[in-house]
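User: Please take one part of this model and look at it closely, then carry the description outward to other parts. Keep it plain, and say how each statement about burial or packing is reached.

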Amino acid sequence: MPELKDVPSNISFPKSEEETLKFWEEIKAFETSLKMSEGKPAFTFYDGPPFATGLPHYGHLLAGTIKDVVTRYAHQTGHYVERRFGWDCHGLPVEYEIDKKLGIKHKEDVLAMGIDKYNAECRSIVMRYSSEWEHTVKRIGRWIDFKNGYKTLNTPYMETIWWVFKQLFDKGQVYHGFKIMPYSTVCATPLSNFEANQNYKDVVDPAVTISFPLVEDPNVCLLAWTTTPWTLPSNLALCVNEEFEYVKIKDGETGAIWILLEKRLDVLYKNVKKAKFEILEKFKGKDLVGKKYVPLFNYFADNENAFRVVSDNYVTDDSGTGIVHQAPGFGEDDFRVCTTNGIVKKDDVKSVPCPVDANGRFIEPVTDYLGIHVKEADKAIIKKLKADGRLIRQSQITHSYPLCWRSNSPLIYRAIPSWYVRVEPIVEKLLKNNDETYWVPDFVKEKRFANWLANAHDWSVSRNRYWGTPIPLWISDDFEEIVCVGSIKELEELSGVSNITDIHRDKIDHITIPSKMGKGELHRVEEVFDCWFESGSMPYAQQHYPFENKDKFEKNFPADFIAEGLDQTRGWFYTLLVLSTHLFDRPPFKNLIVNGLVLAADGKKMSKSLKNYPDPNHIINGYGADALRLYLINSPVVRAEPLKFKEEGVKELIARVFLPWYNAYRFFVNQVFLAKKEFNLDFKYNPHRDIKGTNVMDRWILASCQSLIKFVKQEMNAYRLYTVVPRLLKLIDELTNWYVRFNRNRLKGENGVEDCEAALNTLFEVLYTLCRTMAPFTPFMAELMYQNLKNIMPEPKEGEDVRSIHFISFPEPNEDYIDSDIERTVSRMQNVIELGRVIREKNTLPLKTPLRELVVVSTDPQYIEDVKSLESYIVQELNIRTLTVTSDEEKYGVKYRIEPDHRVLGQKLKKAYPPIRKALTNFTSDDAKNFLATKSITINDVVLTDADLNVNRYVDAKEDSHFKSGFDREVIVLLDTELDESLIQEGLAREVINRVQRLRKKALLAQTDEVNYHIKIVEDPNDQIKNVLESQKEYLKNSLKQGIEDLSARSASANIIAEEEQEVNESKFLLSLSK
C-alpha cells in the first residue's frame, strides 16, 4: 500500500524541479501523454521557428511558457496536441555570422570562395546552440517534440516552399518588378518593409539646405533641405505642393534671393521676427511647377526631362523648406513622382539613376566619389557644395531611422529589381480573414495589424544571397520564357537530371531546363527566398504538404492556436496570413496570444553588452522555473504591454505564493500524521463525501474551488491568461491565509475525529484541485505535491495511468459544491476582518493583543445576517471579546458626504462646473443620504446622477473617542482600541505561546513530537512575565496542550532539545525544550 511521505520543512524549488525532470524522463511523460490522447479531438498548434545561432532569451522563454500553458491545458481538457519545435535555419542571421567569421564583405568574396563552401560554412553553424536551446526549453518545463522538429533547411520543407510559390505563380500573383526598397549595404540585400520596421533607432544625420538657381534667372534660387546629402548627385527634380504658400525673399546679410515655403522660414533664421530679410513676392506652389533649374552635378545632365519643378501633395509643411529634392533611385515617393511626371520610366531600369553597388559604394558615373560608401561620402559632398556656393545652411538632426535588424547598420532606400508576391490586390481578403481570427489582446488585431494590412504593399520575396531556399524560376536570357518548378520530381522531369536530394543553390544552380520556345537553355535566377517566406510557409512545409500528410493537414487547418511577440505583427503573423489567403483564402490560425516585450529593469532594451539583465539560467537555478513562468505570465506582458524584468519580482513570488502553498501542503501532511497518532485514523481522500450541513468554511472553500474551475475554463477558452493567473493565486491566498488559518484547531483534531477527518478531506480536495488547475502554469510544483497526495487517493480505475499529474484531466466543476450565498457571506466576513486588521496596524495593536469590542455598521439586512452567522471567526481572528452588528448609524456617528468626480464633471460641464462644485460643498449628510436613495439631483438646472457623483460614508468621531473606524462602500467598522489589564495579560500570554512555537520550529520538531517546556525568568520589570504565567496558566495549558514549568523543576537527566533566551516587551526569559 502506498503511504504518505513526510514533507521537509525546507525546500529548494530548483533542486526539486531537477528531480521532477528526471522523473518525467524515466516515465517518458510527454511521449506517454501524447499516446494517451491519441484518437481524441486534435488541437492544432504552430510553433514559430527561432534561429539557433543565438541563445534563448526572456522573450523566447515568455512565448514558450504561454505556448506551454495553453497546449498543456488543451491536453488536460481532452485534446490531442501535437507540439513540434521548429528551427529557422536560413537567411541573414546565419550568413552574417559567416561573413564576420571569414571577413567576407562583397559578393565577389563569396564567388571566389565558392557557393558550395560558403553554404557548407553556413550549415555548420545553423544548429550551434541547439543543445542549449533544448536544455533551456526543457528546464523551463515546456513539453515539446525536439526529435521530430522541423528545420527550414531540410529538403522536404524546402520542396513545400517551392509548391507554395508555384501556386502563387500559376495564379499570376508573382511578378518581377523594380521598386524602391529598404536595403542593407552591410548584408548586401534588400529587406521587406516589415523587416525594415523592426529596428528603428535615433541617429544623428547631417541636415543641409541647398540652393538650386533658376535657369530663367540664376540670381533667384529654389531652396531644398535634405538629411541624405549622398543622394544629391542623383537629383533629377524638385517637388512642391501646389496648394502651399511660397515666398521669394531677399536675405538682408548676403543679398541672395531665395524661394521657399513661407511657413518654413525658420530653416534659415532662428528668430524669424528679428531676422533681416525682405519678402519680394508671394505665390502658390502651382506657380513654380515647370520651372527649370541648374543641376548640382552633371552626372545625369543628358536627361532632357529632368531638372524641373514638379508637384505632389506628399510634400508637407512641418519640416524642410517645402521644396523636396527628388532622387528617384533612392526614395519611394521620389520614384513615384518622377515616373508620374515622365522624368524616369517605371519599367526602364536604365532611366533611373542608382549609381551604387551591392555594398553601397558609389559607381560610375559618379566619378568624384567612386568606391566610397554613400554614408561616408556625405562630408565630401557637403564640402563640394560649399565650395560651389550651393550650401546655404548646415546643421545636424537627431531622428528615428531604420537600421538593419541583423547588422545594426543604417538602411538606405534604393531601386531594386526583385521578385514580388502581389499583396495590394488581396488587401480586402486579408482584412476579411483577419476578422475571422481571435486575438488577445484584441486591440493589436483591430488597430495595429488591421492598419498594417490596409496599407500593405506587394511583398519582395527574393534576396540576393546564397544560404536559403532557391527561388524555383528558370528563365531565358531575354526574360520572355519563365518556368516555375513546384517539386523535385518536376525539376527532374524538366531537366533530365535524376536523384536530386538537396535543392540548395550549390546543388541546383548548374541545372538547366531546355527551352520550349527555342531559346536554348533556361537558367535558374540567382535569388533565394526571403526567410520570412520560408517561415510563413511553415503550416504546410512542416508536414511536407501536399506530398505527404495531405489528409492530416487539411483536416487540422487552420491552427487552433499560435503565440508570439508583438514584433511579429509585421513579421510571422503577416506572412502566415498573406500565404494562407493566397493559397486557400482562409486565415492560418483561429486564436492568437500576442505578448509584449520583456525589457530590462530600467525600461531599456535588454543588452548583452550593457549586462542590464540577469542571465535566465541564474533565475531558473536560483528560484526555479515555476517561479519564472508565473512571474512572466502574471504580468502586463501577456496583454501585449512591456514588462520591466526585475529579479526581485521572481523572488517575491517565492515568498508570497510558493512557500505559503508548500507550507499549506506540508501542514496537511503533518495533520494526517497527527490524526494517525491521536485517533489512529488512516486518512484516505473521499471524493464523494457529502458536505451539506457541514462546516461553513469547508463549504466556502469548496465552493470557491468550483467557482475557480468554472472561471478558469471560461477564461482559458478565451485565452485570457492575464485574468486566470490572478484568480488561481487568489485561491492559494484563500487556502493559506484564510482556510488553514481559521481551521487549524479542527485539523489538529480539537473538535473530535469526525470533524478532523472532514477538514482533512476538504483540505486535500483544495490541494488536489490546485494541483490540477495549476498544472499547466506551474508544472513542477503541481507534480511535486501530486506525487505524494496520490498515495492517499482511491485506487485508480483499471488501465488508468495516474503516474503524473499531467496525465490527469482538468477538473469539471462539481455543481453540488457551488454555493454563491456561502461565497458572499465569507467574502463579507473577510472584508470586516481586513478592515479590522488595518485599524490595528494603524494604531500599532498587534493581533496577539486582545481588544474589547468591534462594531459593524450596515444598513443592509443581508449584510448584517451574513456577518452575524460568522461571528465566531471574526471574534477569533481579530482577537476581540465582543462583536456588535447594527444598522443604527446615528448611534455611532455615521455621516454621508457627496464626492464628485472632478475630472469627469469638469470635462462634461466645462464652465458650468465651478458653481456646481461650490454648491456641492454645502450639501449636508441628509442631502447625501437622500441622493443615495434617489440617484438624481438638480443643481443650476443641471441634472446629476450617480454616474457623476459618489456618496461615501464616514464616522464623525469625537476626539477623545477610543473607537477607531474603517470603511468601504458597503460597511463601516469601529474598533475599541482602549486596553485594560486583563487584555494586556492575555496579549502577553499569546506572545509567550508564540516564542514556544518558534523555538519548536527552529528545533525542527514535528507537531506529533512531545517535549516538556521549562522557563527561567532572566529580567522581568514589573513582574509582567511572572504574573502572566500565573494569571494565564489555564489559557497557556489549553493552547500548548501542556503547562510551562519553572526550569528548577526540570529533571537533571532530561534530554535538552533546544534552549534559547527569549524577549517579550522588556522582559527576558530562558526557554527550554526537553524530553
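Analyst:
**A close look**

Ser704 is buried, because its relative accessible area is 6% and the cut-off for that term is under 20%. The model is predicted, and the values here are computed from it. Ser704 is found in helix α23, which covers residues 696-717. Once neighbours within four places in sequence are left aside, Ser704 is in contact with Leu731, Glu734 and Glu823.

Another helix can be described by its covered residues. Helix α13, residues 442-454, has 13 residues and reaches 17 Å from its first C-alpha to its last, close to the 18 Å expected at 1.5 Å a residue. Its buried residues are Val444, Lys445, Phe449, Ala450, Trp452 and Leu453. As background, residues three or four places apart in an α-helix point the same way, because there are 3.6 residues a turn.

Next comes a pair of packed helices. Helix α31 (residues 902-909) packs on helix α32 (residues 913-920) at an angle of about 140°, and their axes are 9 Å apart. That angle makes α31 oblique to α32, because oblique is the class for angles that are neither under 35 degrees, nor over 145, nor from 65 to 115. On the α31 side the contact is made by His902, Leu905, Gly906 and Leu909, and on the α32 side by Tyr913, Ile916 and Arg917. Sorted by class, the contact of α31 with α32 has 4 nonpolar, 2 polar and 1 charged residues.

Turning to strands, β8 (residues 245-251) is mostly covered, with 5 of its 7 residues buried. β8 pairs with β10 (residues 277-284) in the antiparallel sense over 7 bridges, and Tyr246 stands opposite Phe283 in β10. β8 also pairs with β9 (residues 257-261), again antiparallel, over 5 bridges. Here Ile249 stands opposite Trp258 in β9. The hairpin of β8 and β9 has 5 residues between the strands, and Gly255 takes a positive phi near 80° in it.

One open sheet has 3 strands in the order β15-β24-β23, with parallel pairing. β15 (438-440) and β23 (559-565) each have a single partner strand, so one side of each is left without a neighbour in the sheet. The twist averages 15° from one strand to the next. β15 and β24 (residues 589-595) pair in the parallel sense over 3 bridges, with Tyr438 opposite Asn591 in β24. Two helices can be placed against this sheet. Helix α3, residues 58-76, lies across β23 and β24 and runs at about 160° to β23. Helix α19, residues 572-584, lies across β15, β23 and β24, at about 145° to β23.

An open sheet of 4 strands has the order β19-β18-β21-β20, with antiparallel pairing. Its edge strands are β19 (482-484) and β20 (513-514), each pairing on one side only. β20 and β21 (residues 521-524) pair in the antiparallel sense over 2 bridges, and the bridge partner of Pro514 in β21 is Glu521. Helix α8, residues 155-170, lies across β18 (473-475) and β19 and runs at about 130° to β19.

To return to the starting point, Ser704 is buried at 6% relative accessible area, and its contacts beyond four places in sequence are Leu731, Glu734 and Glu823.

Conventions: Residues are numbered from 1 along each chain as its sequence is written. This is a predicted model: local features need pLDDT of at least 70, side-chain atom pairs count only at pLDDT 80 or more; totals for chains, interfaces and linings use all residues. Side-chain values use heavy atoms; hydrogens and water are left out. The expected span of a helix is 1.5 Å times one less than its number of residues. Buried means under 20% relative accessible area, exposed over 50%, partly exposed in between (1.4 Å probe, protein chains only). Axes are lines fitted to C-alpha atoms, for helices over the stretch in contact, and angles run from 0 to 180 degrees between N-to-C directions. Contact means heavy atoms within 4.5 Å. Ala, Val, Leu, Ile, Met, Phe, Trp, Tyr, Cys and Pro count as nonpolar, Asp, Glu, Lys and Arg as charged, and the others, Gly among them, as polar. Two strands pair if DSSP finds at least two bridges between them.
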